[in-house]
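Open the model in your viewer and keep the selection tool at hand. The stops below say what to select and what is there.

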Amino acid sequence: MAAAVTNAIAGAAVAAAVASAPQREDLSSTVRACPFSSLASFQSLSASCRSVSTSVRPRKNSGSARIVCAVAAPTSTNSRSPSTEVVGKPTVLVAEKLGEAGLELLKKIANVDCSYNLSQEELCAKIPLCDALIVRSGTKVTREVFEASNGRLKVVGRAGVGIDNVDLQAATEVGCLVVNAPTANTIAAAEHGIALLTALARNVAQANASMKAGEWKRNKYVGVSLVDKTLAVMGFGKVGSEVARRARGLGMHVLAHDPYAPADRARAIGVELVSFDEALQRADFISLHMPLTPSTDKVFNDESFAKCKRGVRIVNVARGGVIDEEALFRALDSGIVAQAALDVFTVEPPQKGDKLVQHENVVVTPHLGASTVEAQEGVAVEIAEAVVGALQGELAATAVNAPMVPSEVLVELAPYVTLADRLGRLAVQLVSGGAGVKDVKVTYTSARADDDLDTRLLRAMIIKGLIEPVSSAIINLVNADFVAKQRGLRISEERRPSDSGTVEVPLETIEVRISHVDSKFKTAISGGDIVLVGNVKGGVPHLVRVGDFSVDVSLEGSIILCKQVDQPGMIGKVGNFLGEQNVNISFMSVGRDAPRKLAVMAIGVDDTPTKETLAKIGGINAIEEFVFLKL
């Protein structure tokens, strides 16, 4: 299920909002296009925009507005000596080792200061003189660093995928764009996964250690063949699909689980898309390539291991946190898991003497997935290109925080932005099966003219709600359509005129319709599609339709939806079960066909019910189906 959602809301793009954006040669020497974010919350927006000049000019027949943003060019002062500085160029601080190819790209447009192993105090002292900062995983870019920049720092580049060491909230508040390099290490990570897979199957690490200890134990280290074995690839993104290609070349049957994996890409590789549980039940080997999100945190736990074939072998080159390490240790001791190969850990480095690291049936490496010469050079080029583009006023597809929008636009759309995100999060939780989400139609009902309603931000937030719960991607208006296209997610939009609405209100309703999928809650199906409709009442997002049933659900907290036979006592029975477990009910709403016929009961809860409590609710005779949805 989807994880809890923060209130921070991605803003609208600046330069990308304009189809006819100025080319970089048109920019004067004193003003540069500003694609950077300066928004963390509605409350901080006004303060963060004081130094920015914005204008909004409607464009006829476009349904959108042109958003223009400029900032003063940086001063030429920096920490380098006058002899090495080119006046008028921005300054880039490279705080950790970067490949030479990346440095050469940076030097073409900037003064480059390579200062490694800086303490936090030293970094804070240097940062007011820098326009861009490039780090790997070892440098913490904290709120103090952003505040010390005094507004000059415009972009932070993370040379790699993870951004745990960068305070995104602080970056957004001060208007600093954060970009990463998510693609350059794909092949290296896939190759390392295959290396661990084969090493595991043939006991390479154990046999090597045994021989170096002076032993010769051929019988002890008899392995297993990979040919005709079934590999489950959990997460069929860039790395997962490359692992699948290589495993097919080794003669393995390959399954994959990923709610957004394009079916045509899977078929082209010869991979069968299946559900999470089916993957566990059929796999001889499991290779993990899923991101660490609230919904995947410790997703491999005692319950998951219990569904696996006895003797399964597991490889993890993704994120340590997706495995409950205590549960894995128990599964190894019990024989459910025969062997494991781990390149990543919940805490890195693991504590000395860690029992999982020391287990005789575990092969370990110190997070080497991206550690090849070629990958390091590729990462250097990818991050340098992203930083150079940002400094030249371009918007990077790898941006991971939100660009800026005018406060008046965002204030008006604020509750609808929240509604769009939450409709997406609810809809994706209703999807079942291994097919994944491919086709989504969004319908906006409004009394306004087409050119007076810009829906790009709302579309981006629906994409955000659909993808973020099952992905490590951070979605905003800059990258929403790009990420959706990458994942094979097709979003279409339709505007429906409102007969009863007023132009004073931007929208009457938003409808999200997902086609060609199965649903965990069959009642959500209307015309063969999962359908959810929402609106805003008193500034609060509400769910007003599920499938063909009308409801009235405040989208705050979590929701239990029950399809039932309408009869006396139902609300009381469900309420009693929840009350016994100290689960607080925030609201109840019932939508029905007719008295004593079928109905949908929506229950808002402030706490997460236990599985036992949910099972009791599902066991009530009059309840035909139910689903728990977490916001």
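A cavity here is a set of grid points where a 1.4 Å probe fits but cannot get out. The model in front of you is predicted. Counting cavities of 30 Å³ or more gives one.

**Stop 1: the cavity**

Select N316, G320, I323, E325, L328, L342, V344 and L356, which line the largest cavity. Its volume is about 30 Å³. Which classes of residue make up the lining? Five of the residues are nonpolar, two are polar and one is charged. Rolling a probe the size of a water molecule over the atoms shows where empty space is left.

**Stop 2: a cis peptide bond**

Go next to E348 and P349. The peptide bond that joins E348 and P349 is cis, with omega at about -10°. To place P349, show strand 14 (337-342) and helix 13 (355-358): P349 is in the loop between them.

**Stop 3: the parallel sheet**

Now select strands 4 to 8. In what order do the strands of this open sheet lie? The order is 5-4-6-7-8, five strands with parallel pairing. Look at the edges, where strand 5 (111-114) and strand 8 (177-180) stand; each has a single partner strand, so one side of each is left without a neighbour in the sheet. On average, neighbouring strands of this sheet are turned by 20° against each other, with direction ignored.

Within the sheet, pick strand 6 (residues 132-135) and strand 7 (residues 155-158). They run parallel and are joined by four bridges. Select I134 and you will find G157 of strand 7 opposite.

Add helix 14 (residues 373-391), which packs on the sheet and touches strand 4, strand 6, strand 7 and strand 8. The direction of helix 14 makes about 170° with that of strand 7. Then add helix 2 (residues 100-107). Helix 2 lies across strand 4 (91-94), strand 5 and strand 6, and runs at about 140° to strand 5.

**Stop 4: a positive phi**

Move to N203, in the loop between helix 6 (186-201) and helix 7 (204-212). What is the phi of N203? It is near 55°, a positive value in a residue other than glycine.

**Stop 5: the antiparallel sheet**

Select strands 25 to 28. These four strands form an open sheet with antiparallel pairing, in the order 26-27-25-28. Strand 26 (585-592) and strand 28 (623-630) are the edge strands, each pairing on one side only. From one strand to the next the twist averages 15°.

How many bridges pair strand 25 with strand 28? Strand 25 (residues 558-565) and strand 28 pair over seven bridges, in the antiparallel sense. Select L561 to see V627 of strand 28 opposite. Helix 19 (residues 611-618) packs on this sheet, where it touches strand 25 and strand 28. Its direction makes about 150° with that of strand 28.

**Stop 6: confidence**

Last, colour the model by pLDDT. The protein averages 82, and 83% of the residues score at least 70. Which elements have the lowest and the highest mean pLDDT? Strand 3 (residues 65-72) has the lowest, at 28, and strand 12 (residues 285-288) the highest, at 98. Select residues 1-83, over which pLDDT stays under 50. For these residues the model has 191 contacts beyond four places in sequence. Where pLDDT is low, the predicted coordinates should not be read in detail.

Notes. Residues are numbered from 1 along each chain as its sequence is written. This is a predicted model: local features need pLDDT of at least 70, side-chain atom pairs count only at pLDDT 80 or more; totals for chains, interfaces and linings use all residues. Side-chain values use heavy atoms; hydrogens and water are left out. On a 1 Å grid over the protein atoms alone, a cavity is a set of points where a 1.4 Å probe fits but cannot get out, and a pocket is an open set with protein on both sides within 12 Å along at least five of seven lines; lining residues have an atom within 4 Å of a point. Grid points are joined across faces, edges and corners, and a volume is the space filled by probe spheres set on the points. Ala, Val, Leu, Ile, Met, Phe, Trp, Tyr, Cys and Pro count as nonpolar, Asp, Glu, Lys and Arg as charged, and the others, Gly among them, as polar. Two strands pair if DSSP finds at least two bridges between them. Helices (H or I, at least four residues) and strands (E, at least two) are DSSP runs, numbered from the N terminus. Axes are lines fitted to C-alpha atoms, for helices over the stretch in contact, and angles run from 0 to 180 degrees between N-to-C directions. Contact means heavy atoms within 4.5 Å. pLDDT is the predictor's confidence in each residue, from 0 to 100.
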